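Take a look at the fold below. Some questions on its sheets, helices and pockets come after it.

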Amino acid sequence: MTVAEMKQRVLEAIDRQAERIVEIGHDIFTHPELGYKETRSAQRVAEVLREMGLEPETGLAITGVRADIVPENPQVSLAILGELDAVVCPEHPHADPETGASHSCGHNGQIAAMLGAGMGLLESGVWEQLGGQVVLFAVPAEEFVELEYRQKLRDEGKIRFFGGKQELIARGHFDDIDLAMQIHLAALPQQYTCMLGGTSNGFIGKLIRYIGKEAHAGGAPHLGVNALNAAMLGIQAIHAQRETFRDEDTVRVHPIITRGGDLVNIIPADVRLETYVRGKTMEAILDASQKVNRALRAGAMAVGAEVEITELPGYLPRLNDPAMNELFRENLSALVPAESILPPSHTTGSSDMGDINHLLPSIHPYVGGAVGKGHSKEFEVTDPQLAYVTSAKALALTAIDLLADEARRALEIKRAFKPIYTKESYLAMWEKLFQG
């Protein structure tokens with residue numbers, strides 16, 4: 001069977017499953033769950049994988065689900081990833097009323113596309129002609145949220161990392177994977193359908209606790225130490241650092257106060273913040289992080305409070321593999337107008353896919369089909385065919401190109417790839433930065 005014939009069979013198979021793929025995308029969208037809590041979503045993924053005739057592993061890094069499609073004599077292993085979790089956006093019309101979780105970032109589209117690609121490869125029988133295995137991998141906790149909750153999980157020894165892919169790396173679930181790809185749903189400018197993966201910011205996370213002294217806010221405020229004032233001064237001191245951040249480093253610092261006090265008539269003695277320090281390179285991130293810590297300490301010093309700063313392993317900057325990107329672009333061009341595909345660029349958000357990028361050849365492109373700002377109440381899927389079905393096709397076609405002819409292209413890319421870290425040096429890097 002030629003590559004062209006394999007591709008045609010897969011496209012036809014995915015078209016036959018299009019209604020089912022869209023239903024899965026909608027189902028996940030309307031049942032959002034936060035990271036390391038994606039139990040329903042994981043169960044749905046496992047059910048679909050079993051219906052496809054696969055035997056999924058569940059409970060990986062708490063909620064991850066993996067199933068392998070294995071031909072005879074596989075030469076390499078290609079993972080197609082889909083992220084399970086949602087963000088916190090309680091005003092979204094499909095938000096969970098109890099948790100505030102909503103899929104206003106479009107991870108539901110990743111799950112639908114990942115499963116749809118698997119359906120196409122399996123139903124068409126093409127998988128038997130491939131020279132490598134395909135790993136369908138639903139991964140948890142990409143969104144770096146609920147930091148105190150995840151710190152609790154870490155303290156209890158349930159996780160080592162706040163990011164799901166990082167945790168899976170540490171637990172060895174990427175040890176046998178040679179290449180990886182996922183596609184992210186996005187609200188692109190109207191004239192564009194897709195965007196190739198480029199670079200992005202990485203970041204370090206921080207938990208900050210200001211400790212003051214309680215006193216009656218009306219009767220004896222002079223006996224207290226106002227931790228909220230310390231926090232506000234710390235935030236203002238961060239703002240005073242912004243002119244020292246170079247434009248080309250795309251530094252972003254955006255703290256929030258998660259606890260501002262207990263009662264209005266008590267001087268706040270326990271005030272807590274969370275923040276990221278983002279940047280285009282680790283050098284820029286570490287430089288900005290040092291300045292932020294200095295500013296936070298200055299706020300405490302000004303009012304005589306204490307401050308505790310807990311550093312959290314964030315995500316590495318994203319670096320898409322050029323050869324895989326080009327293959328993906330070629331396959332997209334067979335599905336959408338070539339002029340509607342945006343070239344790679346730098347984005348200032350972050351993803352734990354950046355950590356995967358540093359270890360093995362991998363890509364993180366985007367597909368349209370949604371409107372509204374990401375992470376906002378306006379985000380909605382308006383073109384499920386593009387968001388879910390076209391995504392599935394692009395992933396499956398690229399898998400064929402990589403794994404056909406005894407996985408020739410995949411092996412070439414693997415040989416040419418120069419990882420920035422081994423698994424061991426990657427874990428050691430985070431340990432060195434965040435000892436204790």
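The questions and answers below go through the sheets first, then the hollows.

This is a predicted model, in which local features need pLDDT of at least 70, side-chain atom pairs count only at pLDDT 80 or more, and totals for chains, interfaces and linings use all residues. Residues are numbered from 1 along each chain as its sequence is written, and side-chain values use heavy atoms, with hydrogens and water left out.

Q: In what order do the strands of the six-stranded open sheet lie?
A: Strands here are DSSP runs of E, at least two residues long, numbered from the N terminus. Two of them pair if DSSP finds at least two bridges between them. The pairing in this sheet is mixed. Its edge strands, each paired on one side only, are β1 (57-60) and β18 (362-363). The order is β1-β2-β6-β3-β7-β18.

Q: Why is strand β3 largely enclosed by the rest of the structure?
A: Buried means under 20% relative accessible area, exposed over 50%, and partly exposed in between, with a 1.4 Å probe and protein chains only. On one side of β3, Val 76, Leu 78, Ile 80 and Gly 82 are buried. On the other side, Ser 77, Ala 79, Leu 81 and Glu 83 are buried too. Strand β3 (residues 76-83) is largely enclosed because the number of its eight residues that are buried is eight.

Q: Which residue of β6 stands opposite Leu 78?
A: β3 runs parallel to β6 (residues 132-139), joined by eight bridges. Within this pairing, Ser 77 has Gln 133 as its bridge partner. Opposite Leu 78 stands Val 134.

Q: Which residue of β7 is the bridge partner of Ile 80?
A: β7 (residues 179-181) pairs with β3 over three bridges. The sense is parallel. The partner of Ile 80 is Met 181.

Q: At what angle to β3 does helix α11 run?
A: Helices are DSSP runs of H or I, at least four residues long. Axes are lines fitted to C-alpha atoms, for helices over the stretch in contact (heavy atoms within 4.5 Å), and angles run from 0 to 180 degrees between N-to-C directions. Helix α11 (residues 384-416) lies across β3, β6 and β7. Its angle to β3 is about 145°.

Q: Which residue of β19 is the bridge partner of Leu 185?
A: An open sheet of four strands has the order β8-β19-β9-β16. β8 (184-185) and β16 (341-342) each have a single partner strand, so one side of each lacks a neighbour in the sheet. Two bridges join β8 to β19 (residues 366-367), and the two run parallel. The partner of Leu 185 is Val 367.

Q: Which strand gives the most to the lining of the largest pocket?
A: On a 1 Å grid over the protein atoms alone, a pocket is an open set of points with protein on both sides within 12 Å along at least five of seven lines, a cavity is a set where a 1.4 Å probe fits but cannot get out, and lining residues have an atom within 4 Å of a point. The largest pocket holds about 890 Å³, a volume being the space filled by probe spheres set on points joined across faces, edges and corners. Among its 36 lining residues, the closest to the centre are Cys 105, Glu 143, Arg 278, Ser 350 and His 375. With four residues, the strand that gives the most is β14.

Q: How much space lies in the largest cavity?
A: The whole structure has one cavity of 30 Å³ or more. Residues lining the largest cavity include Arg 154, Trp 430 and Phe 434. Its space is about 50 Å³.
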